[in-house]
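Hi,

Here is the structure I promised to pass on. Have a look at it first, and then read on for what I found in it.

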Amino acid sequence: MTLVFCLFTGLEMIVSDFQCYQNNVQHHTEEISFQRLIVRRGQNFSIILYFKNRGFMLDMDKIIFITETGPKPDLSMGTRAIFSIAGSNLKSPWIALIKSNGANFLEVSLCAPPMAAIGHYVLKVHIESFQGPVLAYQLGEFILLFNPWCPADEVYLESEPQRQEYVMNDHGFIYQGNKNWIRPCPWNYGQFEENIINICLKLLDKSLNSQVDPAMDCALRGSSVYISRVVSAMINSNDDNGVLNGKWSEGFDDGTSPSEWNGSVAILKKWYATGGQPVKYGQCWVFAAVMCTVMRCLGIPTRVITNFDSGHDTDGNLIIDEYFDNTGRILENKKKDTVWNFHVWNECWMSRKDLPPGYGGWQLLDATPQETSNGVYCCGPASVRAIKEGEVELKYDTAFAFSMVNADCVSWLVYGGKEQKLHRYTNSVGNFISTKSIQSDDRDDITENYKYQEGSPMERERYMKALQKLQPRGYPEHPRASSQPAGPLSTRGGGPLGHNSPTPPQAVSLKLKLTQPAYLGLDINFVLQTFNLAPQFKALKVNLSAQSMLHDGSPLNVFWQDTAFITLMPSEAKTLPCIIPYSQYSEFLSPDKQIRISALGEEKNSSERFLIDKIITLELPSIVINVLGEAIVGQLLTMQVIFQNPLWEEVGDCVLTVEGSGLFKKQYKIIIGILKPQSKASVTIKTVPFKSGQRQIQANLKSDRFKDIKGYRNVNVSPGL
């Protein structure tokens, strides 16, 4: 009788094992943690239930699992699920299967549906036994993420090298400078660093949508489109207590200059530590880099994109208007249209069931607060293919994205209170669109993903298609819509400036050319090259000027001007050497170190004018990082960081910042103090690597005269014993 009684007593659980190590490795989350369960939707994970008095009996016991997420879990909204071992009549997209059944334990394989909401979950179990009470247990918490390894997930990415680059890689490069001098800036994304996953999920909870309706917000978190729009809005702080304050004017004394940042981790941790107060300051590459960190952490394949000569069209007519005075100086734009020397955004990989077939894949997302989208400062996701094809009516913000890569530019001469149209440039916006190569330090040019070859019939057809689609929305009628061109079409250069007539043959060619690299602290040496293409004598007056620029295209003060009178016989070429002394530009230089040199030429006794410009980004010497010895997990690693003051003057307030995911537990700041003119210095840093694999050290040196002397070193860390 005793034996029979034991067999039919209620099944009692004593402990559960979430098998965090095995599950996290299989779900590619071991970089985040081994101590807590972090799994991806659409993929099985196993847990073990240990029992007190006997094993599980399929005929006598019923085990029901319950998963809940959000503040008000609800079956109908998908934020609560009730399911049991396969074979039950409970209908749920969640799955539970017996993996092994032992004398006093049961190993169960669980699987979240590939469209489940991501976020924090609670896992509960109810055990019903024959002739026993119903026992309820809360097994614990886990985190559910998007799954680019699962073919049924909308963020599925087929290529394993791409998954490794766009989800797993925790460092990379962001391209800056200008189209003639493209500079890779190293960045520590650090999406798997300690507490970053919690910060990313807290960011979702702080969003406007979550504040208004937290239950609905959690229910919608299964959508990569929804998540990407929420994150795009939350990276900036224009509508909410987002992560970063943007600032494009000068003066960052009450915060950190955008160019000083080496990575996202310090920014996200500072935002979290202050209870969600925006961090000062960010610009486009910082917004994009932090968004890349958040999206990769959540499991959405993401990359950072730089567009050189990026249009910012404020009125939606696909034209960027630029205004110049008679010295060639660019003027503050009354329309606020600008061409950014470079602009940085993200691409995220996802299917788009909300769009016609064929528009999934890479989607543009821009966290930089430029214009509002449905009343909120966010941008995208806009299908990259839709941008290329001119399908500007498709969601979201595709028309604005199109203008960033393929707007036309019109230049205007302002004098005597009047405006004279000079040129329309069809190929000056959207150049060398760049991203880091897959598993390489090289740069990939992906311009062809965004538009057909400039000047080709296909490119012009897509431009006209986009224009025609925008006109019914009430945008101003675009001059290009008429059958006759409204003015001369030209590539940007030294062509003649006409009125509303076909472009006449080019009479004089002007070109600005550096004669040696432009380094901060040295004089800028360049030449104005002129060539008479006409069979007649030409007498020219050329006004030259130089002014500092912010990288978003905003003009600053003119600090150098000159006038040249040049006579040219037919087919004659002349070269005018020019020098801008360091002493003349040093006090006017913006933090972006961008200088615009322009030349406006006019022919004697003629209304023809010739406008050319050249953007120069002043170069800085790189920091050199030498790793001394082999890098092994758990063993002391020594490195030498060598840097120099590039100026012929003393600089103060020097601070060296060093970081690197898997190598340093936190960002290191070393006070250097004063550096004498042209002096070199070095510091020795010791650390203990705690993650194996390919790692990167990022370093930045700032002073009271410059903010962003940078360097990096790739380090391959071997596993410890």
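Strand β17 and strand β18 (residues 382–383) pair in the antiparallel sense, with two bridges between them. Across that pairing, Gln-363 stands opposite Ser-383 in β18. Before I go further, keep in mind that this is a predicted model.

β17 also pairs with β16 (residues 338–350): five bridges join these two strands, and they run antiparallel. Gln-363 turns up here too, as the bridge partner of Cys-348. As for how covered β17 is, five of its five residues (361–365) are buried.

Next, the annotated site. In an unreviewed entry, UniProt lists Asn-406, Asp-408, Glu-454 and Glu-459 under "binding site". Those positions are spread over 54 residues of sequence, yet they cluster in space, with a largest C-alpha distance of 11.9 Å.

Two of them are worth a click. Asn-406 sits in helix α11 (residues 398–406). Is Asn-406 buried or exposed? Its relative accessible area is 2%, so Asn-406 is buried. Leaving out residues up to four places away in sequence, Asn-406 touches Val-429, Lys-451, Glu-454, Glu-459, Arg-460 and Tyr-463. Two of those contacts, Glu-454 and Glu-459, are on the UniProt list as well.

Glu-454 is in the loop between α12 (447–450) and α13 (457–470). With 24% relative accessibility, Glu-454 counts as partly exposed, because the buried class means under 20%. With the same sequence neighbours left out, Glu-454 touches Asn-406, Thr-426, Asn-427, Val-429 and Glu-459. Val-429 is therefore a contact of Asn-406 and also of Glu-454, going by heavy atoms within 4.5 Å.

That leads to α13, where Glu-459 is one of the buried residues. The others are Arg-460, Arg-462, Tyr-463, Met-464, Ala-466, Leu-467 and Leu-470. What do the buried residues of α13 pack against? They pack against β15 (319–324), α10 (384–389), α11 and β19 (408–415). The length of α13 checks out too: at 1.5 Å a residue, its 14 residues should span 20 Å, and the end C-alpha atoms are 20 Å apart, so the two agree.

You may be wondering about the cysteines. How many disulfides does a search of the whole structure find? The search finds zero. Take Cys-218 as an example: the closest cysteine sulfur to its own belongs to Cys-200, and at 15 Å that is too far for a bond, because a disulfide needs the sulfur atoms within 2.5 Å. Cys-218 is buried, at 7% relative accessibility. Cys-578 is buried as well, with a relative accessible area of 6%.

Cys-200 belongs to helix α4 and is among its buried residues, along with Ile-196, Ile-197, Asn-198, Ile-199, Leu-201, Leu-203 and Leu-204. That makes α4 (residues 196–205) mostly covered, with eight of its ten residues buried.

One last spot to look at is Lys-270, in helix α8 (residues 265–273). Lys-270 counts as partly exposed, at 42% relative accessibility. Its C-alpha atom is separated by 9.0 Å from that of Val-243, and these two residues are 27 apart along the chain.

Cheers

How values were computed
Residues are numbered from 1 along each chain as its sequence is written. This is a predicted model: local features need pLDDT of at least 70, side-chain atom pairs count only at pLDDT 80 or more; totals for chains, interfaces and linings use all residues. Side-chain values use heavy atoms; hydrogens and water are left out. UniProt positions are given in the numbering used here, feature names are shortened, and annotations may be inferred rather than shown by experiment. Helices (H or I, at least four residues) and strands (E, at least two) are DSSP runs, numbered from the N terminus. Buried means under 20% relative accessible area, exposed over 50%, partly exposed in between (1.4 Å probe, protein chains only). The expected span of a helix is 1.5 Å times one less than its number of residues. Two strands pair if DSSP finds at least two bridges between them.
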